[in-house]
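Me: I would like to learn how to read the features of a structural model, one at a time. Could you take me through the general idea behind each feature and then the case at hand?

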Amino acid sequence: MKKIPKIVLAALSAICLVLSFPDFNLWFFAWFAIAALLFAVEGQSPLKAFLYAYLSGVIFFLGTVYWLIHVTLPGMIAVVLYLALYFGIFGLIVRYALNAADYVSLFSIPAGWVTLEWIRSHLFTGFGWALLAHSQSYNLPAIQIADITGAYGVSFVIVMANVTLFLAIKNIKKKEQSLEFII
């Protein structure tokens, strides 16, 4: 079976995230989109992990804040390139968190995502648009936790589900490889 190129996984992650947000409202894509980014970043050097995640961020923010072009094209480009830095930093967090035990990754990766969302929402007057939780605006069961945790709690749960999916697929692949070795 051919491996999917890492750059394709990073782009696919961003496209699925864009599709999960309003206008498209395919909210269920958010529940697996970040897993593709985790596969793209896994095992990469820090620079490549940053760049794959940064590319994903550029595509994602182009797809979600495209309307800023009506204000100013250079401004929109600057905002997109700035906001994508948060994805790049997330790629670095993932790169190092995946070296830890699975149960550590299960909590540290969502915590890293939510921390970056919080910083993005408050630093330099803040940019609270396009939080991962916003993708669930039409998924009423998923957003009920927001009463207690706010949008950041919803984002945490979505990223945790993505990490769980990533770890499950990774563990299934390990078992298949060990069975091939035995046979």
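Reply: What follows goes through enclosed space, an open pocket, a surface patch, a charged pair and some backbone angles. Please keep in mind throughout that this is a predicted model.

Me: Let us start with enclosed space: how many cavities of 30 Å³ or more does a search of the whole structure find, and which residues line the largest cavity?

Reply: A cavity is a space where a 1.4 Å probe fits but cannot get out. Here the search of the whole structure gives one cavity of 30 Å³ or more, and the largest cavity holds about 110 Å³ of space. Its lining is made up of F21, F60, F61, Y86, F87, F90, W113, L116, E117, R120, A130 and L132, and the elements that contribute two or more residues to this lining are α3 (46-64), α4 (73-97) and α5 (102-122). The largest share, four residues, is given by α5.

Me: What is the chemical character of the lining of the largest cavity?

Reply: The lining residues divide into ten nonpolar, no polar and two charged. One of the lining residues, F60, can also be placed relative to helix α1 (residues 6-20), in which L12 lies: the C-alpha atoms of L12 and F60 are 9.9 Å apart in space, although the two residues are 48 residues apart in sequence. L12 itself is partly exposed, because its relative accessible area is 40%.

Me: How should I read the second largest pocket, and what is its volume?

Reply: A pocket, in contrast to a cavity, is an open set of points. The second largest pocket has a volume of about 180 Å³, and its lining consists of V18, F21, P22, D23, F24, G63, T64, V65, Y66, W67, W129 and A130. Sorted by character, these lining residues are nine nonpolar, two polar and one charged. F21 is listed in the lining of this pocket and also in that of the largest cavity.

Me: Which residues make the nonpolar surface patch, and is L165 buried or partly exposed?

Reply: Membership in a patch requires over 30% relative accessible area. In this model F24, L26, F28, F32, L165 and I169 make a nonpolar patch of about 470 Å². L165, found in helix α8 (residues 151-182), counts as partly exposed because its relative accessibility is 33%.

Me: How do I read a salt bridge, and which residue pairs with K170?

Reply: Side chains of opposite charge can pair when their charged atoms come close. The count here comes to one salt bridge, formed by K170 and E42, whose closest N and O atoms are 3.6 Å apart. This pair links distant parts of the chain, since K170 is in helix α8 while E42 is in the loop between α2 (30-41) and α3, 128 residues apart. K170 counts as buried because its relative accessibility is 17%, whereas E42, with a relative accessible area of 25%, is partly exposed.

Me: Finally, what is phi of N25, and where is A130 found?

Reply: The backbone angles of these two residues can be read together with their surroundings. Phi of N25 is near 60°, a positive value in a residue other than glycine; N25 is found in the loop between α1 and α2 and, at 28% relative accessibility, counts as partly exposed. Phi of A130 is near 65°, again positive in a residue other than glycine, and A130 is found in the loop between α5 and α6 (140-143). A130 counts as buried because its relative accessibility is 10%.

Technical notes: Residues numbered from 1 in each chain as written. Predicted model: local features only at pLDDT ≥ 70, side-chain atom pairs only at ≥ 80, totals over all residues. Heavy atoms only, no water. 1 Å grid on protein atoms, 1.4 Å probe; cavity = no way out; pocket = protein on both sides within 12 Å on 5 of 7 lines; lining within 4 Å. Points joined across faces, edges and corners; volume = space filled by probe spheres on them. Nonpolar A, V, L, I, M, F, W, Y, C, P; charged D, E, K, R; others polar. Patch = residues over 30% accessible without salt bridge, like charges linked within 9 Å, V, L, I, M, F, W, Y side chains within 5 Å. Areas by Shrake-Rupley, 256 points an atom, 1.4 Å probe, with all protein chains shown as cover. Salt bridge = Lys/Arg side-chain N within 4 Å of Asp/Glu carboxyl O. Buried < 20%, exposed > 50% of the residue type's maximum accessible area, 1.4 Å probe, protein only.
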